[in-house]
Every structure is written in C-alpha cells, then in structure tokens.
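User: I am new to this structure and would like to learn how to read its features. Could you walk me through them?

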Amino acid sequence: MSTTNMATSGSYWEDLRKQARQLENELDLKLVSFSKLCTSYSSREQRTRDSRSESVGSSQDNMLVAMTTELDQLLANLSSVNDKMAEYTNTPGASSHNAALMHTLQRHRDILQDYTHEFHKTKSNFLSLREREDLLGSVHRDIESYKSSTGVNNRRTELFLKEHEHLRNSDSLIDNAISIAMATKENITFQRGMLKSIQTRVTTLANRFPAINGLIQKINLRKRRDSLILGGVIGICTILLLLYTFH
C-alpha cells in the first residue's frame, strides 16, 4: 500500500474513532438525563388530582417517549460506527497495527454494551413504574367513584373498621393480661412449693422442739393472711384491667 493510501486509511480510522467518541459522549449525557427524568416521573395518583397535574404528566410522557426514540437512534448509530471500525481492522493495510486497533475496537464495543444495558434497564424500570402507577391510578379513580356514590355507606364502613380495630386492640390487651396472670400463677405455685418444703422442715423441727410450736402457728396464721391479701390484690387488679379494656 502506498504512503498516500496508508495516510488516507489512518485518517478514516481516526474519523471513525472521533465519531464513536462523539456518540459516546452524547449517549452519556442523554442517559443521565433519561435516568433523572424517569426518577422524577410523577405519580399517576397525584397527576389525576387536577387538570394542571394531568398536563404535567402528559408533558413528561412525551419527553420520555422522545428521549427513548433518540437514545435508540444514538445506540444504532454507535453500533454502525463500531461495525465500520471492525471492517477496517480486517483490511490488508491495517494488519500491521491490528493488535492496537482490535484493543481500541473492543473498548468501544464494551462502552456500547454498557450504554445499551443501562438504557434497557432504565427503560424497563420506567415501563414497570408507569404500568404500576397506571394501575394505582385506576384503583384510585375506582375508590373515589365509590366514595362519591356511597358516602353514607362509606362512613358506616369506616365506623365498622374502627370498631373492628378497637376489638382487635382489646383482644391483644386481654391476651397480655392472661399471659401476666398465667406467669403470676406459675410463680405463686413455685413459691407455694418452696413454702411447703420449708413448712415441712419447720414442722419436723417443731415436733422435735415443742417450745417453738406456738411460734410456728403464728407464722402459719400470718402466711394465710398474706395469701388472702395477695389473692385479693391480684383479683382487684385483674378486674380493673378488664374494666379498662372494655371501657
């Protein structure tokens, strides 16, 4: 190949690289804007509140559709440039620099693949978001229609729901009270077993030492009195808790 042809081929390669870098820079900026626009996409439920919000939502839809078409075209152009670069690496005149050219080509292909993946991911997220919010908007409109047509029934429904919630809270309080009572019962049973064991030992000692028999009887009387007081306190607390629950 002559020097002129080599220079022309080198210029062609540089032109392709320049086009590729220009498209990549433009794609990078467009993808950032596209991602921000998708993130700030207004909720369908909010956009249906008034005509002004609907106008804003329609404007966003048009912008997103336009940017999607533009990004598709830019990706197609970059893919075309990469194909031309791949064709150039197979020409006989480029064989002496084939390793460097292939490295450059692979880098541009990787960039194209990353941009394509990012675009399709953002686009898929946006379509899912729009589909979900369209569904939410439909549900919201159905609810508003139901409320406007059945205002009295809706009020009754709200009262029933509040009463149901109150009953659920009451059940929860009762369950807590029963759990506390069961735990108290187990604790008292355990203490009673310990007291019986102690009483047995003390009775044995009293039989051996009659002088302390009177003292033991006094202790037993005080123990019965304390048990009655404790039982009365527990009963009163349980009654007060139940009265507070159902009040």
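Analyst: We will go through ring pairs, pockets and cysteines in turn. This is a predicted model, where local features need pLDDT of at least 70, side-chain atom pairs count only at pLDDT 80 or more, and totals for chains, interfaces and linings use all residues. Residues are numbered from 1 along each chain as its sequence is written, and side-chain values use heavy atoms, with hydrogens and water left out.

User: How many aromatic pairs are there?

Analyst: Rings of Phe, Tyr and Trp (its six-membered ring) pair if their centres lie within 6.5 Å; planes under 30 degrees apart count as stacked, over 60 as edge-to-face and the rest as tilted. Here the count is three aromatic pairs. Take tyrosine 12 and tyrosine 88: their ring centres are 6.0 Å apart and their planes stand at 55°, so this pair is tilted. Tyrosine 12 sits in helix α1 (residues 3-39) and tyrosine 88 in helix α3 (residues 51-89), so the pair links parts of the chain 76 residues apart. Helices (H or I, at least four residues) and strands (E, at least two) are DSSP runs, numbered from the N terminus.

User: Is tyrosine 12 buried, exposed or partly exposed, and which class fits tyrosine 88?

Analyst: Buried means under 20% relative accessible area, exposed over 50% and partly exposed in between (1.4 Å probe, protein chains only). Tyrosine 12, at 39%, is partly exposed, while tyrosine 88, at 10%, is buried. Ring pairs also join Tyr12, Trp13 and Tyr88 into a cluster.

User: Which helices hold phenylalanine 34 and phenylalanine 119?

Analyst: Phenylalanine 34 is in helix α1 and phenylalanine 119 in helix α4 (residues 98-149), 85 residues apart. These two rings form a tilted pair, 5.8 Å centre to centre with 40° between the planes, and both residues are buried.

User: What volume does the largest pocket have, and which residues line it?

Analyst: On a 1 Å grid over the protein atoms alone, a cavity is a set of points where a 1.4 Å probe fits but cannot get out, and a pocket is an open set with protein on both sides within 12 Å along at least five of seven lines; lining residues have an atom within 4 Å of a point. Grid points are joined across faces, edges and corners, and a volume is the space filled by probe spheres set on the points. The largest pocket holds about 260 Å³. Its lining includes Ile188, Arg192, Asp226 and Ile234. Helices α5 (151-208) and α6 (213-245) each give two or more residues, with the largest share, six residues, from α6.

User: Which residue classes line the two pockets?

Analyst: Ala, Val, Leu, Ile, Met, Phe, Trp, Tyr, Cys and Pro count as nonpolar, Asp, Glu, Lys and Arg as charged, and the others, Gly among them, as polar. The largest pocket has four nonpolar, three polar and three charged lining residues. The second largest, of about 220 Å³, has nine nonpolar, two polar and no charged residues. Among its lining residues are Ile174, Thr184, Ile234 and Cys237, and its largest share, six residues, comes from α5.

User: How many disulfides are there?

Analyst: A disulfide is a pair of cysteine sulfur atoms within 2.5 Å, and the count here is zero. Cysteine 38 is buried at 8% relative accessibility, whereas cysteine 237 is partly exposed at 45%.
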